Amino acid sequence: MKTLTHTTTTTMVAATLAILLAACTIHVDDKDKETKKVDIQTPLADLKVDTSAAATDNGIPIYPGATPRPEENGDNHRANVNIAAMGFGLKVIASEYDTPDSPEKVKAFYLDKLKKWGNVLECRGTEGGDNTDVHMGDDGGDQKLTCKDSKGEGWELKVGTSHNQHLVAVKPDGGGTRFGTVFIQIHGKESTL
């Protein structure tokens, strides 16, 4: 999950920041210690990041008894990132959790819960690989999701298409399970976020 949230989110934020800093307005809402919001607006693009618990509800149910992954080194393991530019938009809503239950039990729960969005693709491995089908730029349109070769333990369960997907990454963590839920939506010239 760390690969997904950091790679996808960090790459998009870093690439966009260069454009955004040319002529921008920055608003940081830090009145509430639990709510961390950043809103950057430029003539070319907007970037909004919200790490509050309310903003990171991505529609995927939380495994019963799971707890949000504790904050580590300033990373609270949840984010709602929206990037809107001329003819392009990206929304990523991700959260990470811990449970003392086995990875197999968590996987079985999510195989059932993700069915409401379509056929669930079960990919082996989450660590050291990039299983997500997030395509930036002109990739020929919305694509069917596939599994990529991956190393590591656990599974990535995903449903949807490359431009509109729900996914859950599940992996062992000590005597329990670490898992993350992610919603990814990409819009091209035909629509905006």
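User: Which two residues form a disulfide here?

Analyst: A quick heads-up: this is a predicted model, where local features need pLDDT of at least 70, side-chain atom pairs count only at pLDDT 80 or more, and totals for chains, interfaces and linings use all residues. Residues are numbered from 1 along each chain as its sequence is written, and side-chain values use heavy atoms, with hydrogens and water left out. A disulfide is a pair of cysteine sulfur atoms within 2.5 Å. Sulfur atoms 2.0 Å apart fit that rule, and they belong to Cys123 and Cys147.

User: What is the handedness of the disulfide between Cys123 and Cys147?

Analyst: Look at the torsion about the S-S bond, which is about -85° for Cys123 and Cys147. That torsion is why the disulfide is left-handed.

User: How many residues apart in sequence are the parts that Cys123 and Cys147 tie together?

Analyst: Strands are DSSP runs of E with at least two residues, helices are runs of H or I with at least four, and both are numbered from the N terminus. Cys123 sits in strand β7 (residues 121-124), while Cys147 is in the loop between β7 and β8 (155-161). So the pair ties together parts whose separation in sequence is 24 residues.

User: Is Cys147 buried or partly exposed?

Analyst: Buried means under 20% relative accessible area, exposed means over 50%, and partly exposed is in between (1.4 Å probe, protein chains only). Its partner Cys123 has 1%, so Cys123 is buried. Cys147 has 37% relative accessibility, so the label for Cys147 is partly exposed.

User: Which residue forms a salt bridge with Glu96?

Analyst: A salt bridge needs a side-chain nitrogen of Lys or Arg within 4 Å of a carboxyl oxygen of Asp or Glu. The whole structure has five of them. For Glu96, the closest N and O atoms are 2.9 Å apart, and the partner is Arg178.

User: Which strands hold Glu96 and Arg178, and how far apart in sequence are the parts they tie together?

Analyst: Glu96 lies in strand β6 (residues 88-99) and Arg178 in strand β10 (residues 176-187), so the parts they tie together are 82 residues apart in sequence. Glu96 is buried at 2% relative accessibility, and Arg178 is buried at 9%. To put the answer in one place, the strands are β6 and β10, and the separation is 82 residues.

User: Which residue does Lys107 meet in a salt bridge?

Analyst: The N to O distance is 2.9 Å for the bridge between Lys107 and Glu122. Lys107 lies in helix α2 (residues 103-113) and Glu122 in strand β7, so the pair ties together parts that are 15 residues apart in sequence. Lys107 counts as buried at 15%, whereas 37% makes the partner partly exposed, and that partner is Glu122.

User: Are the rings of Tyr63 and Phe109 stacked or edge-to-face?

Analyst: Rings of Phe, Tyr and Trp (its six-membered ring) pair if their centres lie within 6.5 Å; planes under 30 degrees apart are stacked, over 60 edge-to-face and the rest tilted. The structure holds five such pairs. In this one the centres are 5.2 Å apart and the planes are at 85°, so the pair is edge-to-face.

User: Which residues do ring pairs link into a cluster?

Analyst: One pair is Tyr110 and Phe179, with centres 5.5 Å apart and planes at 50°, so this pair is tilted. Tyr110 is in helix α2 and Phe179 in strand β10, 69 residues apart. The cluster linked by ring pairs consists of Tyr63, Tyr97, Phe109, Tyr110 and Phe179.
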